[in-house]
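Open the viewer and keep the selection tool ready. This tour goes stop by stop, from the whole chain to single residues.

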Amino acid sequence: MVTGPAAAGKTTALLNVGRTCHLAHTRKNPPPPGSAHAAVPVAYVLVPPGATAKTLITEFARYLGIPVTARMTQTQITEAVCHTYTQAGVQLVMIDEIHRLNPRTTTGAQTADLLKDLSERLPATFVYAGINVTDTPLFTGTRGAQLAGRATLVDCGPLSARHGKREPFRDVITDIENALDLQQHKPGTLPRHAPYLHQRTAGRIGSLTRLIRQAAITAIHDGTERITKTTLDTIRLDHLAETHHRPHTRTRSR
């Protein structure tokens, strides 16, 4: 269970874990030549707003393209999902926005029961992610206790600029920069601006990735093909990051 405040990088972490697991599986188990059906080791599902058990299991079905008709019952969809996921070799199931579930309500309780059922029927590791899940009803009551007893909590908070002799935030910036494909960008430019980037984003990975992504898009559109501090400073970020970077001052009217 990955938890933390908004824009802390929970979804980014999930997607990178999923990508790593997928690539590792593909390297160890390359599809046979001419094979039309490759294994699908990773599944990623978003909990829809106001999720019911049926709408959530439909999201599971949609991920692998399992046909679902309006006449199908929840049980029928669940059977199709369990069969197809097992046949596809899904080993890691990632469920994002888990904080949208409320086991205290009837529909929320049924949805929580569905997840418990799936975790018992599918031979896969389940990873959940949500905003501050310990402050939500997700871990309360009988069903919450079942989930809490099955999940290890991983706190995904903002990264500090320094941790002992290490600089974890700068390391993340370096990894992001290495993934850029800008023709004129000079490697090492972004890590040099680590203090500025940390101040801009308050150490939130979600805000950092959005900032660099938007700067890269701008660099492609204007033809410069490189990211500079000037470019970064022109990008408007999410309200949370902007409030931290440029706090509003209130003046009292007299």
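What follows is a set of selections, with a note on what is there at each one.

**Before you start**

This is a predicted model, in which local features need pLDDT of at least 70, side-chain atom pairs count only at pLDDT 80 or more, and totals for chains, interfaces and linings use all residues. Residues are numbered from 1 along each chain as its sequence is written, and side-chain values use heavy atoms, with hydrogens and water left out.

**Stop 1: the whole chain**

Select everything. The C-alpha atoms fill a box of roughly 65 × 55 × 40 Å along the principal axes. Colour by secondary structure: there are 11 helices and 5 strands. Helices (H or I, at least four residues) and strands (E, at least two) are DSSP runs, numbered from the N terminus. Of the 254 residues, 39% count as buried. Buried means under 20% relative accessible area, exposed over 50%, and partly exposed in between (1.4 Å probe, protein chains only).

**Stop 2: the largest nonpolar core**

A nonpolar core is a set of buried Ala, Val, Leu, Ile, Met, Phe, Trp, Tyr and Cys residues joined through side-chain atoms within 4.5 Å. Select Phe 60, Tyr 85, Ile 95 and Ile 98. Of the 32 residues in the largest core, these touch the most other members. Now add the elements that give two or more residues to this core: strand 2 (42-46), helix 2 (53-63), helix 3 (74-88), strand 3 (92-96), helix 4 (106-121) and strand 4 (125-131).

Zoom in on Ile 98. Which residues is Ile 98 in contact with, leaving aside its neighbours within four places in sequence? They are Met 1, Val 47, Leu 115, Tyr 128, Ala 129, Gly 130, Val 133 and Leu 138. Contact means heavy atoms within 4.5 Å.

**Stop 3: helix 2**

Select helix 2. Its buried residues are Ala 53, Leu 56, Ile 57, Thr 58, Phe 60 and Ala 61. Their cover includes strand 2, helix 3, strand 3 and helix 4. Step past the helix to Gly 65, where phi is positive, near 70°.

**Stop 4: Thr 78**

Move to helix 3 and pick Thr 78. Is Thr 78 buried or exposed? Thr 78 is buried, because its relative accessible area is 4%. Its side chain reaches the backbone oxygen of Gln 74 at 2.8 Å. Beyond its neighbours within four places in sequence, Thr 78 is in contact with Ile 57, Leu 114, Asp 117, Leu 118 and Arg 121.

**Stop 5: another core**

Apart from the largest core lies another, of 19 residues, among them Ile 173, Ala 194, Ile 212 and Ala 215. Select helix 6 (168-178): Pro 168, Phe 169, Ile 173, Ile 176 and Glu 177 are buried there. Helix 7 (189-192), helix 8 (194-201) and helix 9 (205-221) are included in what covers them.

**Stop 6: Ile 205 and Ala 8**

Pick Ile 205 in helix 9. Ile 205 counts as buried, at 12% relative accessibility. Outside its neighbours within four places in sequence, its contacts are Ala 7, Ala 8, Gly 9, Thr 12, Leu 159, Phe 169 and Val 172.

Follow that list to Ala 8, in the loop between strand 1 (2-4) and helix 1 (10-28). At 0% relative accessibility, Ala 8 counts as buried. Neighbours within four places in sequence aside, Ala 8 is in contact with Cys 156, Gly 157, Arg 204, Ile 205 and Gly 206. Finish with a distance: the C-alpha atoms of Ala 8 and Lys 54, 46 residues apart along the chain, are separated by 30 Å.

Key: A polar contact is a pair of N or O atoms within 3.5 Å; within protein, one must be able to donate a hydrogen and the other to accept it, and residues adjacent in sequence count only if both atoms are side-chain atoms.
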